[in-house]
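Please look over the sequence and the structure shown here before reading on. The report that follows is meant for a reader who has not met them before.

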Amino acid sequence: MSDHTLIGTRMPRVDSRAKVMGKAKYTADLKLPHMLVGKIKRSPYAHARILNIDTSKAEALPGVKAVVTGKDTEGVKWGVFPYTRDQQFIQIEKARYIGDEVAGVAAIDEETALRALDLIEVEYEELPAIFDPMEAMASDTELIHEDFPNNINIHVNIDTGNVEENFEKAYYIREDTFMASEESYFHAEPYAVVARFDHEGCLEVWCPNAGPHMKSKPLSNSFKIPLHKVKIKKIAIGGAFGGRSEICPADYICALLAKKTDKPVKIVFTREENTIATRQGHAMITTHKTGVDREGRVLARETTCYMDGGAYSSTGPIATSVPFLSMEQAYRMESVRYNGYRIYTNKPIRGMIRVHGRGFACGVDTQLDMIADHLGIDPVEIRLKNSRQPGDYTSTKSYVSSCAMDETIHKAVEKSGFKEKWGKLPPFHGIGIGTNSVQTGFPMGIRGGSQSFIKFNEDGEATVMSGVVDNGQGNENMLVQIAAEELGLLPEDIHLVNADTETTSSDPGSYSQVSTFVGGHAVKIAAENCREKLFKVAAKVLKVDPQELAAKNRLIFVRDDPEKSIPIKKVVRISLLNFTSVNAEGGYWPKVDMKREWVKNPYGQMCEAFSFGTTIVEVKVDPDTGQVEVLEATAAQDVGYALNPLILEGQFEGSIAMGGQGGMLTEYHEWMDGRCINPTMLDYKVPLACDMPRINNIIVESIDPKGPYGAKEAGMSIAMSAAQGYSGAVSNAIGVFLDSFPLTPDKILAAIKEKETRQLKRENADKTEVN
Amino acid sequence: MLLPGFDYLDPKNLEEALDLLAVHKEDAKVLAGGTDLLVRMKKGLLAPKVLISLKSLNELSYIKEEAGCIKIGARTPLADIIASGTVQDNARALSQACEKIGAITMQHYRGTIGGNILQDNRCHHYNQSDFHRSGHQACHKNGGKICYARENADRCNSTCQSDGSTALMALGAKLVLLSKGHERTVDLDKFYTADGIMPHDMESHELLKDIIIPINGARSAYRRLAYRSAIDYPIVCAGVLVRPSDSQKDRIDEARIVVGAMGRAPLFLAQASSSLKGKKLDDTDAFRKAADASMDSAATFAVHNVGSTLEYRCSMISPLVLQGLKEAASEK
Ligand SMILES: Cc1cc2nc3c(=O)[nH]c(=O)nc-3n(C[C@H](O)[C@H](O)[C@H](O)COP(=O)(O)OP(=O)(O)OC[C@H]3O[C@@H](n4cnc5c(N)ncnc54)[C@H](O)[C@@H]3O)c2cc1C
Ligand code: SF4
């Protein structure tokens with residue numbers, strides 16, 4: 001169908017060779033002259049007033065170059081939104097979780113820095129700590145933050161009206177509660193940051209990030225230096241998954257130490273620090289009440305969700321909304337009411353994560369299965385009755401232009417053999433289905449758009465500048481692929497400069513699924529503009545109209561007469577000799593409703609596109625041990641258009657691993673009084689390659705009218721439907737609808753045993769009746 | 001995390017190694033593969049002044065049949081044991097156990113059988129960073145007076161999660177320990193103390209030389225559960241052995257049931273084991289009873305300190321023992 005050379009092909013990633021050969025440089029690999037080692041002193045108490053900090057002994061230790069405490073911060077507070085500024089980069093008054101920052105040290109080596117940490121004497125007064133969100137909410141007196149009554153950090157209320165009326169009309173109503181514990185990311189790369197001030201007073205920072213511009217602004221604010229003096233530099237990144245979307249106190253502490261010592265400072269987190277002191281996914285308790293008509297169509301839904309937010313706000317308003325949004329996008333509902341509460345507890349800070357609320361999403365799908373069961377229809381039918389359709393408006397008034405939800409259901413059902421298997425599998429063998437929808441972007445005010453610059457060099461190669469960052473998902477390749485396609489060059493002719501706040505302009509970052517849709521789009525437009533300039537010059541030489549030209553393989557040629565051509569390099573040189581440089585710019589700003597706000601006004605156009613998908617999972621459960629063997633996972637996703645199927649498949653598989661195999665079967669944290677018992681890779685059970693099932697990837701294309709080439713997103717969505725597919729399959733295998741996630745063997749076994757006891761009791765009762 | 005400083009000694013032969021151990025005693029630790037020791041040192045759980053490496057002691061790496069026994073040198077890599085024909089034929093439980101230890105890379109490049117037996121007990125309140133352990137009272141093993149895993153415990157109940165030891169105890173193995181001018185042989189099931197702080201009954205100047213497994217026509221099997229298929233210590237495991245009687249080939253003369261990852265040491269369940277004496281090799285009922293009895297006695301030792309839930313771990317003893325018995329009994 002397409003006449004593209006690179007777009008749509010399985011082009012191997014431009015960055016993979018360096019990464020697999022171990023040549024790519026990550027932040028921890030950086031070595032700068034005179035660099036010091038930074039370390040952070042953290043609170044060992046979950047909730048404690050800081051009475052005094054004595055740093056004199058640490059400062060006196062030979063080799064220690066600087067010690068910083070809250071006093072050095074001038075009290076600056078961080079929060080993603082003006083109304084959520086609740087976190088100091090170094091605590092002054094009290095520590096709110098085990099791991100909270102209380103001081104920083106820079107020394108000549110790690111050993112000295114660690115010794116210095118021990119020598120910092122902090123006098124605490126322990127305060128009662130609260131770990132249970134429901135307990136926290138019930139309390140009027142034990143406040144984690146003074147100005148948040150009942151420890152409610154965020155309350156999102158969405159109401160489309162008519163909820164009560166529609167419940168009245170419903171044929172069948174049920175209300176169920178689902179629980180899920182918090183989860184961690186386990187990025188391959190533990191967090192690290194290097195900072196230094198240069199001779200012009202510019203702050204240079206290297207760190208893993210999900211958008212360099214999201215780091216530079218808070219640093220510019222905190223250090224009261226102009227934005228152009230904060231240079232977030234490009235560096236290879238080993239994963240983000242939503243956990244690196246905002247500034248990290250370590251960034252600030254590192255920069256502060258660099259300022260105080262006038263030397264570069266590097267802080268590298270231990271695995272434990274990466275787990276407890278970056279971000280985690282929220283634990284949540286969700287109640288869905290759903291009313292359907294006789295056919296299973298949802299007339300009314302009321303959802304209440306309590307999220308354990310941990311010690312600070314982080315991206316609270318967004319995180320409190322996204323689980324709901326994913327549901328309202330995936331499924332039609334005549335009316336809905338949502339109350340989402342994010343509650344402070346004395347636990348690590350919760351933020352964004354790839355699977356936004358496994359308990360929430362799995363609850364929606366599990367309950368649909370329960371309703372289908374009651375109505376005597378199958379899980380596929382009930383989903384098709386409620387699935388989102390193109391041309392719809394979501395409950396919160398976003399127009400959905402492209403949507404192939406039904407096609408993803410049909411294709412996944414066909415590939416997995418769902419219809420043949422449903423209800424016919426042997427005991428303890430089950431199959432389940434989940435669907436997803438994820439927004440491609442959300443309103444981000446002045447940072448909602450991306451801009452790209454392209455310049456041609458005299459050798460006919462091009463430098464492309466873009467603010468888009470690559471966390472490992474292949475964004476850099478995406479940019480190169482688009483630029484090379486549009487400019488008629490080979491991938492190796494493109495030099496990409498990206499994710500560097502000094503040279504690239506603002507970009508929304510890679511955490512709202514917009515890197516391709518917005519950032520890639522900007523590069524496409526810049527490249528088209530640049531190509532137009534080349535064509536103007538080439539048209540003169542070839543004596544044709546620029547409209548008749550095309551570019552491919554470093555050549556500009558006449559489309560209907562390919563023999564008539566000129567090398568791009570030559571066009572560039574001719575242009576330069578004629579006193580015109582060959583460069584261009586291009587930008588893309590999605591047309592969203594700028595008045596939409598997470599808490600104050602959660603209605604209006606959210607983003608321009610939504611992705612949709614279905615995951616079907618087949619499992620076998622060992623009834624003796626409760627252990628699950630996953631036989632197959634089938635994921636069909638409407639990605640808009642597949643720019644590179646190879647990279648997409650990587651995202652599909654990673655999503656199944658993170659959202660399904662790990663997220664639903666083995667990954668959870670254990671706690672003792674706010675202390676995380678399993679912060680390491682050995683104890684937190686991220687699945688291994690050998691644990692993974694066979695995966696069928698099905699790419700569905702709906703060609704979004706706004707997306708570049710029709711593309712949307714595919715990085716997050718499948719992780720959500722994978723979770724739902726896994727829970728559905730296990731529930732189906734054991735014949736019990738499970739409501740507490742993840743589905744560890746102990747819970748599965750307990751559910752099996754409970755069912756057996758119930759059955760036995762029933763049989764006995766029947767027997768007595770007969771007697 | 002940084003390794004604390006130490007002197008690294010590299011004796012060239014057994015005698016030299018024993019001399020060094022006699023000189024440095026408590027200050028020294030033997031370094032085999034280091035996959036247990038170095039991890040603990042990095043966590044700040046111990047800081048020996050001296051590490052005495054077994055690197056050059058190739059004389060401690062062997063698997064041989066001798067006088068009706070298999071002898072395995074302490075420094076033998078796990079991978080050699082997995083590959084050994086005589087171990088597969090005569091001590092299958094050990095072969096199966098070694099296959100499950102850590103991951104293939106660990107079995108090939110580092111982990112030794114001696115280190116596996118002598119690895120320290122584990123507890124998720126103790127095997128943690130300095131930071132984790134600060135901020136709350138020290139437990140027994142950390143020099144304090146309390147235990148987080150069991151209320152009011154007067155001693156440490158850290159868990160022995162060695163796959164190798166559980167299998168070896170089922171096989172009725174003995175250990176040969178050397179010190180300067182002295183050699184002693186001890187039954188593995190008598191090798192454990194009653195305290196998780198120092199779980200092994202061994203002097204600091206002693207060296208494990210080899211492990212002796214009798215070859216006596218017994219059949220064995222090993223079963224374990226973890227959350228992942230690799231890089232995961234067992235949360236419960238079972239090694240079992242059945243020896244058919246010489247006179248009546250279809251009857252059991254001796255059975256040994258050992259449950260691991262449940263207590264301070266692998267637990268040899270004498271009563272459950274002896275209940276199988278004289279039973280037929282296909283007496284599933286007897287196996288089931290023995291498995292349930294194993295569960296009842298082993299469960300009393302367990303504490304919640306190695307992940308999962310205590311209830312789940314305990315409830316898994318019986319199915320694992322049963323599966324093991326069935327497999328061992330049907331082995332050809
Ligand atoms: C990620 C990970 C996963 C693991 N998974 C498992 C598992 O699933 N099952 C399991 O059983 N183990 C597991 N282990 C523990 C360990 O790797 C193995 O037990 C391994 O066999 C230990 O052998 P080593 O040679 O490396 O021991 P080392 O660390 O060298 O030694 C362990 C202890 O024994 C002492 N020692 C060793 N040899 C002698 C000797 N000859 N004489 C006297 N003292 C000696 C050392 O001083 C030390 O105290 C795991 C370890 C890691 C890091
Ligand atoms: S069992 Fe108790 S004493 Fe032993 S290490 Fe664990 S918490 Fe400490």
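The text below takes up the two ligands and then two pairs of helices.

This is a predicted model, in which local features need pLDDT of at least 70 and side-chain atom pairs count only at pLDDT 80 or more, while totals for chains, interfaces and linings use all residues. Residues are numbered from 1 along each chain as its sequence is written, chains are lettered from A and ligands numbered from 1 in the order in which they are written, and side-chain values use heavy atoms, with hydrogens and water left out.

**The ligands**

Ligand 1 lies between chains A and B. Around ligand 1 there are 34 residues (a residue counts as near if one of its heavy atoms lies within 4 Å), and those that come nearest are V30(B), G34(B), T35(B), T112(B) and D163(B). The table lists polar contacts of ligand 1, a polar contact being a pair of N or O atoms within 3.5 Å; within protein, one must be able to donate a hydrogen and the other to accept it, and residues adjacent in sequence count only if both atoms are side-chain atoms.

| Side chain | Atom of ligand 1 | Distance |
|---|---|---|
| N116(B), N or O atom | oxygen | 2.8 Å |
| Q119(B), N or O atom | oxygen | 3.1 Å |
| D163(B), polar atom | nitrogen | 2.7 Å |

Ligand 2 has 13 residues around it, of which C123(B), C139(B), C147(B), C156(B) and N157(B) come nearest. By class, the shell around ligand 2 holds seven nonpolar, five polar and one charged residues, where Ala, Val, Leu, Ile, Met, Phe, Trp, Tyr, Cys and Pro count as nonpolar, Asp, Glu, Lys and Arg as charged, and the others, Gly among them, as polar.

**The helix pairs**

Helices are DSSP runs (H or I, at least four residues), and strands are runs of E of at least two, numbered from the N terminus. In chain A, helix α10 (residues 358–375) and helix α18 (residues 717–734) pack at an angle of about 45° with their axes 9 Å apart, axes being lines fitted to C-alpha atoms over the stretch in contact and angles running from 0 to 180 degrees between N-to-C directions. α10(A) and α18(A) are therefore oblique to each other, since angles under 35 degrees count as roughly parallel, over 145 as roughly antiparallel, 65 to 115 as roughly perpendicular and the rest as oblique.

In chain B, the axes of helix α11 (residues 284–299) and helix α13 (residues 317–330) come within 8 Å and cross at roughly 140°, which makes α11(B) oblique to α13(B). The residues of the contact of α11(B) with α13(B), contact meaning heavy atoms within 4.5 Å, divide into eleven nonpolar, three polar and three charged.
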